[in-house]
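Here are my notes on the model, point by point. Please read them with the structure open.

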Amino acid sequence: VFFLMILASELKILGIGKWKSFRLPAIVAATTAVGLLVFFSILYFNGALNSLFDYYIGYTRDARFIRGFPFFENQTTWFRIAAATPPLLYLYWTLSLFIRWMKKKPISAEQWLMATVAVAGVLHYQKYLNQPDNHVYEPYIMVFPCVAWLVYRVYVAIDGLTQIRWGKIQIRPFVALLSVLIIAQTWPNRMSFAFNFPEKFAVTAPPKTDFSKAGWMIFSDAVHTTLQDLRYFFNTYSDANEPVWDISASPALFYYLLERKYPSRFIIQLEAHHESSAQRLIQDIERDPPKFTILHSEVSAWSTLFGVPLGLRNYHLRQYALQHYKPLVSLDGYLVMQRKDMNLQMSSADLSRFGKRATTKDLYLHTGSCDWGYAPNFMVTPPRDGKLLPLESKTIVNGDRAVTQVTLPPKTQLSEFPYLEIELLREMSGSFQVADSLGAMNSNRAIAFQSLPRNAVFRLPVGSCGQWYAFSGNQLFITHSPQVNLAALRLSQ
């Protein structure tokens, strides 16, 4: 589209039928074609061309699920400036070129270049709209040459207007003013190193570490201990060439520092938001199932992203992992799962070695929160393709809430049913919790969600919640407020 804009501009200004009318568009097209040919050839001969398109097509689509509005929530002034700059520059250059085009004024290659930079920044702006956080600085950096060019043009214009000539002497007050302002900003705080070098530039060396890829990273004692524990575990219970499936969003830890192999093209699960991408990742896993998966991290900053627990954000992956793996140990806050066909047991010596940093108790409750919020009101779950088990229940009033008690049929295995269907008598706003006892309500053992007056039937993917596998006994309790009887309850596959 931008190439056609250049072509239209040249034809309108210079006229049709003249070779020079096509000179600039021809140069743009030729140089772009040559550059792309070289770039794609390098990728093709290194076997990376298909992966490039596959990544960008998939990630561009899946990134829409990361986060939405608001754009400026709890952000700084500089963040707002960075967010506003790309669209404002695009608007400026669109109007500027359009006006010049209408007046048949020539457009220099320099102006076309700056306009191209603005267009590229706006195209990349979609990433910020998908994830309005520090990703805003990516399109801002892309358009920064355009910002610098405009600032330079303003500087030249003001400098030309303010120059004073006194005989052969040329006085430039604007340059002098800028010099004073720059010095004022850097003196004495930012330039005090000239007088106190040792204090401002004392070299701090990182502590000695035996992790070859740590480089100059400085670890706290706790982080260094975690790295040592995890490395010892994988070196003891798996071979060096065996992959590890990390779905705790800690790829730098497991795939870089610990140098474990990754089992899929999706190195980080955030790249597989969409159901189709999640299924492709699962297909990669099924080709050569790893012995271990890291299901959840209680210490990673990524365990909850923008208020949404990672396990619920990628519930297709979490559900698959919980159905095909079983918990082995929670080590330094990382839940390690083993394949269900394995019967590995942690030795007492190793558990003693890790001390309180390792636990093997209530591991299904180390999978993070399972509070779905309002998400079930908007989810599109796959159709039923297996068993459907209606449940008998009775509802009683308990204070300001209603409690529905469900008695499960004999020999019912909840792990066989990844979905709990709750049908209301009518559409309504409400708050719901599911647990295996009333005492577990309002705790990490409960599964929760909230309804809106837009749906009467909810198909909750409880199979992606570790709590669902921790439930014991033959009863379920569902609390709901306001008090209302439920029309039906079903377990489904």
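1. **Overall picture.** Among the contacts in the protein chain with a separation of 6 or more, 69% are between residues 24 or more positions apart. The model is predicted. The chain carries 15 helices and 18 strands. Of its 493 residues, 41% are buried.

2. **Helices α4 and α6.** Helix α4 covers residues 77-102 and helix α6 covers residues 137-162. They pack with their axes 9 Å apart, at an angle of about 60°. An angle of about 60° falls outside the ranges for roughly parallel, roughly antiparallel and roughly perpendicular. The two helices are therefore oblique to each other. The crossing of α4 past α6 is left-handed.

3. **What fills that contact.** From α4 come Trp78, Phe79, Ala82, Thr85, Pro86, Leu89, Tyr92 and Trp93. They meet Tyr137, Pro139, Tyr140, Val143, Cys146, Val147, Trp149 and Leu150 of α6. By class, this contact of α4 with α6 holds 15 nonpolar residues, one polar residue and no charged residues.

4. **Gln111.** This residue sits in helix α5, residues 109-130. Is Gln111 buried or exposed? Its relative accessible area is 15%, and the cut-off for buried is under 20%, so Gln111 counts as buried. Beyond its neighbours within four places in sequence, Gln111 contacts Trp93, Arg100, Pro106 and Trp149. Two of these names are familiar from the previous point: Trp93 in α4 and Trp149 in α6.

5. **Helices α11 and α13.** Helix α11 spans residues 275-287. Its axis comes within 9 Å of that of α13, and the two cross at roughly 30°. The cut-off for roughly parallel is under 35 degrees, so α11 and α13 are roughly parallel to each other. The crossing of α11 past α13 is right-handed. On the α11 side the contact is made by Glu275, Ala278, Leu281, Ile282, Ile285 and Glu286. On the α13 side it is made by His316, Leu317 and Tyr320. Six residues of this contact are nonpolar, one is polar and two are charged.

6. **Burial of α13.** How many of the ten residues of helix α13 (residues 315-324) are buried? Eight are, and the helix is mostly covered. The buried set is Tyr315, His316, Leu317, Arg318, Gln319, Tyr320, Ala321 and Leu322. It includes His316, Leu317 and Tyr320, which make the contact with α11.

7. **Phe233.** Look for this residue in helix α9, residues 221-237. Its relative accessibility is 0%, so Phe233 counts as buried. Residues up to four places away in sequence aside, Phe233 touches Phe292, Leu328, Val329, Leu331, Val336 and Met346. Take Val336 as one of these contacts. Phe233 and Val336 are 103 residues apart in sequence, yet their C-alpha atoms are 9.9 Å apart in space.

8. **The five-stranded sheet.** This open sheet runs in the order β3-β4-β8-β7-β9, and its pairing is mixed. Its edge strands are β3 (244-246) and β9 (358-359), each paired on one side only. Inside the sheet, β4 (residues 292-297) and β8 (residues 334-339) pair antiparallel over five bridges. Thr293 stands opposite Met337 of β8.

9. **The four-stranded sheet.** This sheet is also open, with the order β10-β18-β13-β16 and antiparallel pairing. Strands β10 (388-391) and β16 (457-460) are the edges, each pairing on one side only. From one strand to the next, the twist averages 20°. Strand β13 (residues 419-424) pairs with β16 over four bridges, in the antiparallel sense. Ile422 has Phe458 as its bridge partner in β16.

10. **Strand β17.** Why is this strand, residues 475-481, largely enclosed by the rest of the structure? Five of its seven residues are buried, so the surroundings cover most of it. Strand β12 (residues 401-407) runs antiparallel to β17 and is joined to it by six bridges. Ala402 has His480 of β17 as its bridge partner. Strand β14 (residues 430-435) also pairs with β17 in the antiparallel sense, over five bridges. Ala435 has Phe477 of β17 as its bridge partner.

Key:
Residues numbered from 1 in each chain as written. Predicted model: local features only at pLDDT ≥ 70, side-chain atom pairs only at ≥ 80, totals over all residues. Heavy atoms only, no water. Buried < 20%, exposed > 50% of the residue type's maximum accessible area, 1.4 Å probe, protein only. Pairing = 2+ DSSP bridges. Contact = heavy atoms within 4.5 Å. Axes fitted to C-alpha atoms, helices over the stretch in contact; angles between N-to-C directions. Parallel < 35°, antiparallel > 145°, perpendicular 65-115°, else oblique. Left-handed = near helix turned anticlockwise from the far one by under 90°. Nonpolar A, V, L, I, M, F, W, Y, C, P; charged D, E, K, R; others polar.
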